Amino acid sequence: MRLTQGAFSFLPDLSDDEIRAQVDYGLERGWAWAIETTDDPHPRNTYWEMWGTPMFGLKDGAAVLYELEACRKGHADQYIRLCAFDSTRGVESIRLAFIVNRPAEEPGFALQRQDGSGRSIRYGLKPYSADRPQGMRYRE
Amino acid sequence: MMAEDIANTPASAAAAGGGSGIDLQALLRDTDVQGVLDQLDRELIGLKPVKRRIREIASFLLVSKARKQLGLEAAPPSLHMCFTGNPGTGKTTVATRMADILHRLGYVRKGHLVTVTRDDLVGQYIGHTAPKTKEILKRAMGGVLFIDEAYYLYRPENERDYGQEAIEILLQAMENHRDDLVVILAGYKDRMDTFFKANAGMASRIAHHIDFPDYDEAELLAIAQLMLEQMNYHLDDDGQVAMRDYIARRIRQPNFANARSIRNALDRARLRQASRLFSSERIVDADMLSALSAEDLRASRVFQDATDGPHDKGDGR
């Protein structure tokens, strides 16, 4: 099951040129790009691991792609996303985030039912990949 | 003059390509490189050999651009450069213009200049250098990385020095990210030569060496006048003479840093002018506020040393 989080997630995966165009768009507006990775695809998992620090003071998108290439080498089997931080006063938040790398196999989520008091049922989502310890998920 | 220089070279290149020709004049106009070169001529006094080299490089790049349009050029030309010369000879200023030229010709995408020294590249402990150097490289991508006094990166007396690591990362970036960034190394000529001898890899990746000559006295005077003009000051008649004397003396003293020494001298003269005006307790007008006179310059230590007879002889003439 294909994970759909962040911008462009219902589109086919972006090519490097398309990623580059998005990055340049952000840099033109003075946003700082950051690279984050995770192997826990749960939608409530908002805190992904940082790959290096957010990249402030860049002028050209090549630098972000260079860092992304390095990240892909180390985390080819994980989700990688690019986040654009807008430091404008009053915004000071992520303006744009999109997934740029995903594992080859995405097993999806299990729907878990829990019987509550009376006949109520509580539902939960659990990624199949989360059965294994962090860092070993999605490994063959 | 430049336009003709450039126009002559390309004709043969276009002819060699056969078929459709490219109007190099039009290319020159479109990129507006001429504007930068004119600005260089206007704002930089002297430096004839440097200006000539930059014209050569500019016309070479223009021709390679034309060749590329005709499909003659396979690999982009190597653009890394080395500027050698004494302090204050305009290396940084020329690097800024170079970034501008490269940007207009489309060899760098953004055309900004990132100026760094050893401290910005080399870390303090193991594992600190690589991220630090890469950070700078990333910042310089799309523009020009200007490494001042680059030879400090290499310290042969300490084999564990982290400078070597920075050099290796730089080399890798200079090779693999040729389209993304242009590196300009700068420093004294002799030390730079030693540096290149010890780092053959670096030497072989640098295509253009430009040597910046020292200024002569007339050029320094013109520089002083240009600097003052930019700050809306001027020298009065006595001041002109004093400035000429000052330069003649200062140029023979140790630690003479060409245009930078002149700038410092002018800054001190402005200070003295301010206190002179203040102590005169007269009503001042615009002319008085902007005129530097002889006494502002002659109060300098350079003149005091010279009036001491014995000192003068000892002063390494």
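Here are two short exercises on a predicted model, each with a worked solution.

Residues count from 1 along each chain as written, and chains are lettered from A in the order in which they are written. In this predicted model, local features need pLDDT of at least 70 and side-chain atom pairs count only at pLDDT 80 or more, while totals for chains, interfaces and linings use all residues.

**Exercise 1. A helix pair in chain B**

Work out how helix 3 and helix 5 of chain B are oriented, and which residues join them.

*Solution.*
1. Start with the axes, which are lines fitted to C-alpha atoms over the stretch in contact, with angles from 0 to 180 degrees between N-to-C directions. For helix 3 (residues 33-43) and helix 5 (residues 91-104) of chain B, they come within 9 Å and cross at roughly 170 degrees.
2. Angles over 145 degrees count as roughly antiparallel, so helix 3 and helix 5 of chain B are roughly antiparallel to each other.
3. Now list the contacts (C-beta atoms, placed from the backbone, within 7 Å). Val33(B), Val36(B) and Leu40(B) of helix 3 meet Arg97(B), Asp100(B), Ile101(B) and Arg104(B) of helix 5.
4. Sorted by class, this contact has four nonpolar, no polar and three charged residues.

**Exercise 2. Where the chains touch**

Describe the contact between chain A and chain B, beginning with how many residues each chain gives.

*Solution.*
1. Count both sides: nine residues come from chain A and nine residues from chain B.
2. Look for the main contributor in chain A: helix 2 (residues 62-74) gives the most to the side touching chain B, with four residues.
3. Finish with the classes: that side of chain A has five nonpolar, one polar and three charged residues.

Notes
Two residues are in contact if their C-beta atoms, placed from the backbone, lie within 7 Å. Helices (H or I, at least four residues) and strands (E, at least two) are DSSP runs, numbered from the N terminus. Ala, Val, Leu, Ile, Met, Phe, Trp, Tyr, Cys and Pro count as nonpolar, Asp, Glu, Lys and Arg as charged, and the others, Gly among them, as polar. Angles under 35 degrees count as roughly parallel, over 145 as roughly antiparallel, 65 to 115 as roughly perpendicular and the rest as oblique.
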